[in-house]
Amino acid sequence: MSRDIEARKGEHIDTVLGEDVSAKGVSTGFERFFFEHAALPETDLDAVDLSTRLFGRSLKAPLLIASMTGGTARARDINRNLAAAAETLGIAMGVGSQRAMIENPALADTYRVRDVAPNILLFANLGAVQLNCGYGADEARRAVETIGADALFLHFNPLQEAVQAGGDRNWAGLYRKVEELAASLDVPIVGKEVGNGIGAETAARLIDCGLAGVDVSGAGGTSWSEVEAHRQTDPEIRAVAHNFAGWGIPTAAALIDVVRAIPDSPVFASGGIRDGIDAAKAIRLGASLVGAAAPMLEHGVDAAGAAEKRMARMIEEFRIAAFCVGAPDIGALRRAVLRRASDWEAVPALPSAISGTVAITRRALRR
């Protein structure tokens, strides 16, 4: 089984790098929003402060190199390159699903990055559906402790599993098991999708289960049904997978709805965010952290310096966007005028509960 998982991880890397696996017929939705440009910003670009704090770690910018890989020899170098970039830039990082190292502990080194990134906010990662396959607190604790993570991503990928050869099909009864896991683990757990979005009702139920936050991971970026379509050998299932290339909640729409549903909990935005301008829009719409995955993978394959250069460009775009709306810091950016393109109507300002330091619910902190 572990060899099958290792092979699949390698195929995922090759497919994302070598095929067109972008979502089809759906966009992130950020193109529908525009900041009101400040022709006289009354601030110093070099003094713009993008720093924030989350789960006990300080970040120089609210950005995340999102979960991508692990479990195969190539992934070790990719993860270490990405982690070194995150350390230099002072941003967060998540590793890919750690099921491979749970099944085969010899693969643990493909996820370990603390020696090159001792100060970053680091997320471990397990699939939620594995809770229906015998996994529980012990496996989650091992995922966290093995890599010295600060928090755990519990990912939800029902569409990917549905079109994957040998995918896990039983998703019944998981809310109860998520709640049991949250009560047993000593680190924050963030529920995340993988590119099809999380809706408001699901997000609220996950917070009620004791999760510390949600990453909406909406549609508009990489489509994992497309990834699986390219891996499928059965032509009928391949066709089914391709037909779901436009499935999901656009990232911006998911973000707006989830922020309204759980205003006192951190909400991350990922899914098709490719530049610092959209990252700034996501922060203005209520995100606590903004993730990017696919744009970083090809640079992670090359070297730490290449990954650092790519993410540094995104940070500079983010900084200039804040400057051009007259926002000297993240708190001010959350109050900047953002308009909908359809009617040029200003988006209401964020509630005070999420306009400054990220709040974490009492229930999420009970552990």
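This passage describes the strand barrel of a predicted model, the packing of its helices, and the confidence of the prediction.

The model is predicted, and pLDDT averages 92 over the chain. A score of at least 70 is reached by 94% of the residues. Residues 355-367 are assigned a pLDDT under 50 throughout. For this stretch the model has 38 contacts beyond four places in sequence.

Eight strands form a closed barrel, arranged in the order S4-S5-S6-S7-S8-S9-S10-S11 with parallel pairing. From one strand to the next, the twist averages 30 degrees. Within the barrel, strand S10 spans residues 267-269 and strand S11 spans residues 289-292. These two strands run parallel and are joined by two bridges. Ala269 is positioned opposite Val290 of S11. Strands of a sheet pair through backbone hydrogen bonds, in either a parallel or an antiparallel manner.

Helix H4, comprising residues 137-147, lies across two strands of the model, S6 (122-127) and S7 (151-156). Relative to S6, the helix runs at about 150 degrees.

Three helix pairs were examined for their packing geometry. In the pair formed by helix H2 (residues 73-89) and helix H12 (residues 294-302), the axes come within 8 Å and cross at roughly 105 degrees. Because angles of 65 to 115 degrees count as roughly perpendicular, H2 and H12 are roughly perpendicular to each other. On the H2 side, the contact is made by Asp77, Ile78, Asn81 and Leu82. H12 contributes Met296, Leu297, Gly300, Val301 and Asp302. By class, the residues of this contact divide into five nonpolar, two polar and two charged.

Helix H6 (residues 174-184) packs against helix H7 (residues 200-208) at an angle of about 40 degrees, and the axes of the two helices are 9 Å apart. H6 is therefore oblique to H7. Tyr175, Val178 and Glu179 of H6 meet Thr202, Arg205, Leu206 and Asp208 of H7. The contact of H6 with H7 comprises three nonpolar, one polar and three charged residues.

Helix H8 (residues 224-231) and helix H9 (residues 235-243) pack with their axes 8 Å apart, at an angle of about 160 degrees. Since angles over 145 degrees count as roughly antiparallel, H8 is roughly antiparallel to H9. The crossing of these two helices is left-handed. Residues of H8 in the contact are Ser225, Glu226, Ala229 and His230, which meet Arg238, Ala241 and His242 of H9. The contact of H8 with H9 has two nonpolar, three polar and two charged residues.

Conventions:
Residues numbered from 1 in each chain as written. Predicted model: local features only at pLDDT ≥ 70, side-chain atom pairs only at ≥ 80, totals over all residues. Heavy atoms only, no water. Pairing = 2+ DSSP bridges. Helix = DSSP H or I, 4+ residues; strand = E, 2+ residues; numbered from the N terminus. Axes fitted to C-alpha atoms, helices over the stretch in contact; angles between N-to-C directions. Contact = heavy atoms within 4.5 Å. pLDDT = per-residue confidence, 0-100. Parallel < 35°, antiparallel > 145°, perpendicular 65-115°, else oblique. Left-handed = near helix turned anticlockwise from the far one by under 90°. Nonpolar A, V, L, I, M, F, W, Y, C, P; charged D, E, K, R; others polar.
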